[in-house]
Amino acid sequence: MERESSDDEEDRQNLIDENERKLPHRSGFQIEDFKSRLSAHRFSFNKRYLFAIFPPLFILLIYFTTDVRNLFTTSISIVKADSPTDRMRESELRALYLLRQQQLSLFSLWNHTAFADSAPIPSNSSNSTLDFSTRQVLLSSADFKSALLKQISLNKEIQQVLLSSHPSGNLSEFVDDNGDLNFGAYSFNRCPKVNQNMSQRPTIEWKPRSDKYLFAICLSGQMSNHLICLEKHMFFAALLNRILVIPSSKFDYQYNRVLDIEHINNCLGRKVVVTFEEFTESKKNHLHIDRVICYFSLPLPCYVDDDHVKKLKSLGISMGKLEPAWAEDIKKPKKRTAQDVQAKFSSNDDVIAIGDVFYANVEEEWVMQPGGPLAHKCQTLIEPSRLIMLTAQRFVQTFLGKSFTALHFRRHGFLKFCNAKEPSCFFPIPQAADCISRVVERADTPVIYLSTDAAESETGLLQSLVVLNGKLVPLIKRPTRNSAEKWDALLYRHGLDGDSQVEAMLDKTICAMASVFIGAPGSTFTEDILRLRRGWGSASHCDEYLCQGEQPNFIADNE
């Protein structure tokens, strides 16, 4: 310690001596003498002295060699988020992503056409008679044009993305006055409406005798089945020149809550249908069915059980025994003609009843054509009531807009029903979502109206999987009544809110108004929607059943 103290004292003394030493006066700057003096003398600094001198020298060096103003300006420009460089880089990355998507789509189109070219086509086949697997292989001209137009549209988007970083950039030399690419006669509508040729459909006149009635018996299934049954009864009534009697709500559904019955008479220009109450009034309470003729004899005559016979009698209706017109099994209906019906069901009796004709196969193409088999001045004969129509229009205006896809997603009780069929029509949620996304991409609609009886767990999963261009496509269901919303006020004011049949018909009406419709295979609810779409002219070339042409990728065993 003593040695260290003496050394420090010596160092301090030496520094004082060195600093206090006087240099001789010089009249000029002599380099030779300066170099010799530097070599002759050695300075001894300690570390604290160096730290005290070095920072000021460094700051002076930076000050004289750097443009401080430009330095800070550059720094600010680097962190600026919306600089032209950043915008250009972002545009380039977006364009590269879109080009990648276009490449994948073109490869898919190429593979599809190559597969179609290699598929053998029978020389005696026509477009209408090709088996289903062959139709799946072939790429139609409309689909090919649609795919090409989509790629041209994507190319336009890429150009716009690249030009977006340039304030003066535009596509004016490539586009028409409307800002759309000019493709001559072609358009971007990949899902055009189906031309139904309503004026050329074959029809018959319905001119009933005023004293002859046909009492409709429809007992199979739910409301949709009954509406199809009623439509066939109208055809039978026209063939037999009879007025059709709509069943009582005590025996069947309350049709006047969902249908515009008087609309049918207005379309025909004469009285062709009457309500059960009108029929009762005309018969002065003497209600008797002279003959009950059964279309089906198996498994039950007329498909009528004892319970329904009792309901008829409770209405004050007397009737004879059930008479099968022929041997006909409901599981294997035979094709019948209009002449067959006239031969077996014609009668001089005032009131006859025919039941149940839902499964009847009579002039199927004629009955199922747009507008139906009867001559009339309207689009369809059996259609929703005016209140339901207006409510559907208000819902579309509130939630959906002009362009939307409608989906009938039947699930409740459908698993067992579909798995009993070959092939099954019950699809796993992920597979269904993939099919739905493809249709929506083709239809180019922003939202989907969902008509379903599925549980929330299923619809929630479906919503999370229906994705287009990286974004979820909203699945919109009818909300529960809210007094703040006025779209359903008409139903509420007329006491129709909360009626399950009214709500079902409202769902059908909304689906029938959609740009594109995806139906549930095997569902009469879907078939009734398709009937309305054909009649209203809203049917699209993109309409299809869910996952049409596919089979479920997993099917459970039967019990």
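**How the labels are earned in this predicted model**

User: What makes the contacts in this protein mostly long-range in sequence?
Analyst: Among contacts between residues at least 6 apart in sequence, 80% join residues at least 24 apart. A contact here is a pair with heavy atoms within 4.5 Å. Keep in mind that the model is predicted.

User: How many of the residues are buried, and what makes a residue count as buried?
Analyst: Buried residues make up 40% of the 559 residues. A residue earns that word with under 20% relative accessible area, so each residue in that share falls below the cut-off.

User: Why are E15 and E17 called edge strands?
Analyst: Happy to go through that one! The open sheet has 5 strands in the order E15-E12-E11-E16-E17, with parallel pairing. Strand E15 (475-476) and strand E17 (544-545) each have a single partner strand, so one side of each is left without a neighbour in the sheet.

User: How do you know that E11 and E16 are paired?
Analyst: Pairing takes at least two bridges, and strands E11 (residues 405-409) and E16 (residues 516-519) share 3 bridges in the parallel sense, so they qualify. Within this pair, Leu407 stands opposite Ile518 in E16.

User: Which strands does helix H16 lie across, and what angle does its axis make with E11?
Analyst: Helix H16 (residues 429-443) lies across E11, E12 (448-452), E16 and E17, running at about 160° to E11. Angles run from 0 to 180 degrees between N-to-C directions, so a value of about 160° puts the two directions towards the opposite end of that scale from 0.

User: And what about helix H19?
Analyst: Helix H19 (residues 500-512) lies across E11, E12 and E16, at about 150° to E12.

Methods
Residues numbered from 1 in each chain as written. Predicted model: local features only at pLDDT ≥ 70, side-chain atom pairs only at ≥ 80, totals over all residues. Heavy atoms only, no water. Buried < 20%, exposed > 50% of the residue type's maximum accessible area, 1.4 Å probe, protein only. Helix = DSSP H or I, 4+ residues; strand = E, 2+ residues; numbered from the N terminus.
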